[in-house]
Amino acid sequence: MTNLLVLKEHLKSFYGKNEIYIIPLVKFLVALVTLLVINGRLGYMTQLNNILVVLVIALMCSFLPMNMIIVVAAATVILHLYKLSIESAAVTAMLFLLLFLLYFRFSPKDTMVVVLTPVCFFLQIPYVIPITMGLVGTPSSIISVGSGVIVYYLLAHIGAGTTTLNATDVEGTTQKFRYIIDGVIGNKAMLVTIAAFAITILLVYMIRRKSVDHAWTIAIIAGAIANVLVLLVGDLIFDTKISILATILGTFISVGISFVIQFFLFNMDYTRTEMVQFEDDEYYYYVKAVPKIIVSTPEKRVKKINPQRTREEISRATRTK
Amino acid sequence: MLNEDRIILMTRMASYEENEGKKNVSIGSYFRGDYIGLQVIKSVISATIAFALLVTLAVTYDIGSFMQDIYKLDLLQIGKNLLIVYVVMVSIYIAISYFIYSYRYNVAKRSLKCYFNNLKELNSLYEEEKK
């Protein structure tokens, strides 16, 4: 454990020193993974699948603000879908526009979640999103996560119906529209997932704000269990055909990732908890103070064998020559 | 001469201006009513576009039967219903944005107050130095 804490301190100081390089690198990686996942799943426009194009776009994203990744991801998705059928591109563009107009005008900070939720779905670890947002976000994150789930199910539905959507007859335009919109509105699996994620976020948020010991740990485990339970109950009632094994396995991995996040954000030493009570003219205070675990990193000392000369001394020496 | 207190204060203020302050300063340049009014107008425009999109989606979804029955439909009644839905939607949206933006304005003002206090302190530091 101590080694891990030392590693954490090292990472922190490394980040502090190299922040200027690390942030663009993180942006680059997020953009790269997002684009690769989109291309892997949709990939109808072959020009965009070229790894060189992907790298260039990701590199551009690393210098732009974080929210540009969302714009780029949305544009890529729409271009791919345009190649498949203009109807699917139109519906998706409308959905993106609606999300932007109705919600993200208010909370541009949360927009990244809408990209990360589908990406995590495609990477088979979607449950990490509600747990993490419960830990670091607020209940309003439910809307962003819900929007992300809708985007995922829309794309998955379009991906599943490629043959229907690829048909070129003009008569089928309405059918295509119907196929796509029905897939979103009548999708029970999507509704169950949104409900499960909303409950998880609320539960995790409520528990982690309690002043009980190990609140974050309890919150993560309770959130994971609640998530699985709601998904399974939803499956029983609405016959959503979710894979139980994949759900449980995905939850385990998500819990693991959440613990890593907890390690970095919230690390308390509950053995040294102090409970104090005092009063002033207006209030009684019952204060619980929990110290953070802090380790001092071993310092490296450089012993100088030859006394270094200062710049002045060097210049004086050269002048005398 | 370098004044350490002044440099610390100036660094802190510059960091504020660079990060969270950027937004607050732009919010603070409005009067309360103007700021909220502008945001509400933007919200009305957003809600109108969103409503138009939803209606377009609904119409394209059912365009076959819609075109078939267009002469049988009571278009006036449909128009009235649409108008009611539109007004309700925009009203809810206005209420939400009024609430959110008045809260944001208050938070920004409070934060700017602290910033202006720092400015004053900086000024007094300069004055002291002159003496």
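**A tour of chain A, beginning at an exposed loop residue**

Select Gln124(A) to begin, and count the C-beta atoms around it: there are 12 neighbours inside 10 Å, and because a residue with 12 or fewer is classed as exposed, Gln124(A) counts as exposed. Keep in mind, as you go from stop to stop, that the model on your screen is a predicted one.

Now show the helices on either side, and you will find that Gln124(A) lies in the loop that runs between α6 (111–122) and α7 (128–136) of chain A. Most residues other than glycine have a negative phi. Gln124(A), however, is not a glycine and still has a positive phi, of about 70°.

Next, select His214(A), which sits in the loop between α11 (188–208) and α12 (215–238) of chain A. Its backbone deserves a careful look, since His214(A) also is not a glycine and has a positive phi, here of about 55°. Is His214(A) buried or exposed? With 12 C-beta neighbours inside 10 Å, His214(A) counts as exposed.

For the last stop, colour chain A by its domain assignment, which gives domain 1 as residues 2–264 and domain 2 as residues 276–320. If you take the centres of these two domains over their C-alpha atoms, you will find that 41 Å separate them. Where domain 1 and domain 2 of chain A are in contact, six residues come from domain 1 and four residues from domain 2. On the side of domain 1 that touches domain 2, you can sort the residues by kind into two nonpolar, three polar and one charged.

Definitions and conventions: Residues are numbered from 1 along each chain as its sequence is written. Chains are lettered from A and ligands numbered from 1 in the order in which they are written. This is a predicted model: local features need pLDDT of at least 70, side-chain atom pairs count only at pLDDT 80 or more; totals for chains, interfaces and linings use all residues. Domain bounds come from an automatic or database domain assignment. Two residues are in contact if their C-beta atoms, placed from the backbone, lie within 7 Å. Ala, Val, Leu, Ile, Met, Phe, Trp, Tyr, Cys and Pro count as nonpolar, Asp, Glu, Lys and Arg as charged, and the others, Gly among them, as polar. Helices (H or I, at least four residues) and strands (E, at least two) are DSSP runs, numbered from the N terminus. A residue is buried if 20 or more other C-beta atoms lie within 10 Å of its own, exposed if 12 or fewer, and partly exposed in between; C-beta atoms are placed from the backbone.
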